[in-house]
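Work through the exercises below with the sequence and the model open. Try each task before you read its solution.

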Amino acid sequence: MLEEIELDDLRAGELLVQVEACGVCHTDVQGKTLLEPPCVLGHEGTGTVVACGPGVEGVSPGDCVVMSYPSCGTCRQCLDGQPFHCPSNLSLSLDGRRSDGSPTMRLGLEWINGAWFQQSAFATHAIVPARSVVVVDPSVPLQIRAVLGCGILTGAGAVVNALALDGASSLAVVGAGGVGMAAVMAAHLIGIQPLIAVDVVTARLDTALELGATHALDASAGDLTDQIRAIAKEGIDAVIDTSGSPTTWEWAPEVLRPGGTFAAIPLPKGDFAYEVAPLFRIPASLRVVRLGESAPHQFIPQLIDWYQQGRFPLDQLVETFPLEGINDAFDASTSGRVIKPVVVMTP
């Protein structure tokens with residue numbers, strides 16, 4: 001059931017965006033336990049700017065925008081062009097309030113948790129910091145715009161920006177969800193071989209092959225170390241884990257060549273402790289990658305350019321759902337039936 005909420009007045013540096021669509025990310029699924037209800041989730045929004053608060057520059061009413069992750073804009077990392085390393089990112093994303101602790105929305109007389117990733121875009125309208133949006137061409141299909149702000153940016157950015165792999169590299173991507181598929185597509189685009197997709201869902205492995213993976217391995221069908229070493233005897237340059245499976249941390253170092261990198265995107269699931277000795281034996285690096293180390297204002301236009309060239313086929317990942325069917329979209333995501341569900345706010 002949909003309910004009406006009331007948004008707070010705009011403050012300095014904020015925008016009111018009429019939301020057209022919002023991607024569903026696994027972080028939103030987790031948000032149902034991270035943010036005390038009642039709350040509004042959604043952090044891959046796209047839409048049209050309706051109004052601007054005081055002091056906004058570079059964005060105007062009528063602009064089509066993609067909403068991305070928040071950052072403070074004043075720390076050393078933000079000023080150095082690395083908002084993905086902003087120390088305030090997690091609190092701005094997960095606390096359900098503005099940076100000063102004030103709420104952005106109320107249900108009846110009660111102020112509720114919103115400002116999820118400083119968006120809460122599973123709604124018809126959202127208050128968003130101007131620095132979190134990227135102005136884009138409205139001719140880009142809304143279902144494509146609605147997947148660029150977080151998961152796709154993270155997966156593709158892990159390959160291109162964080163690890164800076166090239167056509168001479170070799171790579172295994174663990175997890176063939178939205179983040180993993182974006183990594184596969186980016187790796188294929190730059191010519192990485194072998195490019196190995198690892199998952200336990202046959203349909204997703206088949207899709208990874210369609211998107212450019214040279215090999216697809218079922219993680220439940222035997223020792224992955226042996227399987228990958230059979231493909232690349234000398235080892236591979238990188239393993240990117242998008243799954244959060246603790247078992248990946250066990251075998252990943254064993255398939256890396258000397259000087260290779262194990263890049264972890266999500267936290268390992270469950271109660272987990274890691275023994276670093278295997279990395280010293282190879283030797284290899286462990287790298288935690290946040291948000292693909294991608295600056296949205298630079299990388300989202302690059303993703304759109306690749307898509308428009310036909311080199312980044314995001315259409316193969318997306319299925320749309322009406323706002324009234326948002327629970328179906330969540331079910332499609334958690335079951336793995338749809339790689340990237342998108343909730344559309346208007347008919």
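**Exercise 1. The nonpolar cores**

Task: Find how many residues the largest nonpolar core has, and which have the most contacts inside it.

Solution:
- Step 1. Keep in mind that this is a predicted model.
- Step 2. Count the members: the largest nonpolar core has 57 residues.
- Step 3. Pick out those with the most contacts inside this core: Ile152, Val159, Leu171, Leu303, Phe312 and Leu314.
- Step 4. Ask which element gives the largest share. Helix α6 (residues 178-189) does, with eight residues.
- Step 5. Look for a second, separate core. That one has 29 residues, including Val24, Leu41, Val65 and Ala126.
- Step 6. Recall the general rule: nonpolar side chains tend to be buried together in soluble globular proteins.

**Exercise 2. The surroundings of Leu171**

Task: Leave aside neighbours within four places in sequence. Which residues is Leu171 in contact with?

Solution:
- Step 1. Start with Val159 and Leu165, both in contact with Leu171.
- Step 2. Go on to Ala187, Ile192, Pro194, Leu195 and Ile196.
- Step 3. Finish with Ile236, Ala238, Val239 and Ile240.

**Exercise 3. A salt-bridge network**

Task: Find how many salt bridges the whole structure holds. Then work out which parts of the chain are tied together by Asp8 and Arg98, and by Asp100 and Arg11.

Solution:
- Step 1. Search the whole structure: there are 12 salt bridges.
- Step 2. Take Asp8 and Arg98. Their closest N and O atoms are 2.9 Å apart, and the two form a salt bridge.
- Step 3. Place both partners. Asp8 is in the loop between β1 (6-7) and β2 (14-23), and Arg98 is in the loop between α3 (89-94) and β5 (105-107), so the pair ties together parts that are 90 residues apart in sequence.
- Step 4. Check burial. Arg98 has a relative accessible area of 8%; under 20% counts as buried, so Arg98 is buried.
- Step 5. Take Asp100 and Arg11. This salt bridge has its closest N and O atoms 3.2 Å apart.
- Step 6. Place this pair too. Asp100 sits in the loop between α3 and β5 and Arg11 in the loop between β1 and β2, so parts 89 residues apart in sequence are tied together.
- Step 7. Check burial again. Asp100 is exposed, at 55% relative accessible area. Arg11 is partly exposed, at 34%.
- Step 8. Join the partners up. Asp8, Arg11, Glu14, Arg98 and Asp100 are linked in a network of salt bridges.
- Step 9. Add another pair: the side chains of Asp80 and Arg76 meet in a salt bridge at 3.7 Å, N to O. Asp80 is exposed, and so is Arg76.

**Exercise 4. Thr104**

Task: Is Thr104 buried or exposed, and which residues is Thr104 in contact with?

Solution:
- Step 1. Place Thr104: the loop between α3 and β5.
- Step 2. Read the accessibility. Thr104 has a relative accessible area of 5% and is buried.
- Step 3. List the contacts beyond four places in sequence: Glu6, Leu7, Asp8, Arg98, Trp111, Gly114, Ala115 and Ile127.
- Step 4. Link back to Exercise 3. Asp8 and Arg98 are among these contacts, and they form a salt bridge with each other.

**Exercise 5. Lys340 and Cys25**

Task: Is Lys340 buried or exposed? Then find what Lys340 touches.

Solution:
- Step 1. Place Lys340 in strand β16 (residues 340-344).
- Step 2. Lys340 is buried, at 4% relative accessibility.
- Step 3. Leave out residues up to four places away. Lys340 then touches Val24, Cys25, Glu44, Val147, Leu317, Val318 and Glu319.
- Step 4. Turn to Cys25, in the loop between β2 and α1 (26-34). Cys25 is buried, with a relative accessible area of 10%.
- Step 5. Beyond four places in sequence, Cys25 is in contact with His43, Glu44 and Lys340.
- Step 6. Compare sequence and space. Cys25 and Pro341 are 316 residues apart in sequence, and their C-alpha atoms are 8.2 Å apart.

**Exercise 6. The second largest pocket**

Task: Describe the lining of the second largest pocket by number and class.

Solution:
- Step 1. The space in this pocket is about 860 Å³.
- Step 2. The lining has 23 residues; Met1, Leu2, Cys39, Val40 and Phe122 lie nearest the centre.
- Step 3. Sort by class: 16 nonpolar, three polar and four charged.
- Step 4. Helix α12 (residues 326-335) gives the most to this lining, with three residues.

Notes. Residues are numbered from 1 along each chain as its sequence is written. This is a predicted model: local features need pLDDT of at least 70, side-chain atom pairs count only at pLDDT 80 or more; totals for chains, interfaces and linings use all residues. Side-chain values use heavy atoms; hydrogens and water are left out. A nonpolar core is a set of buried Ala, Val, Leu, Ile, Met, Phe, Trp, Tyr and Cys residues joined through side-chain atoms within 4.5 Å. Buried means under 20% relative accessible area, exposed over 50%, partly exposed in between (1.4 Å probe, protein chains only). Helices (H or I, at least four residues) and strands (E, at least two) are DSSP runs, numbered from the N terminus. Contact means heavy atoms within 4.5 Å. A salt bridge is a side-chain nitrogen of Lys or Arg within 4 Å of a carboxyl oxygen of Asp or Glu. On a 1 Å grid over the protein atoms alone, a cavity is a set of points where a 1.4 Å probe fits but cannot get out, and a pocket is an open set with protein on both sides within 12 Å along at least five of seven lines; lining residues have an atom within 4 Å of a point. Grid points are joined across faces, edges and corners, and a volume is the space filled by probe spheres set on the points. Ala, Val, Leu, Ile, Met, Phe, Trp, Tyr, Cys and Pro count as nonpolar, Asp, Glu, Lys and Arg as charged, and the others, Gly among them, as polar.
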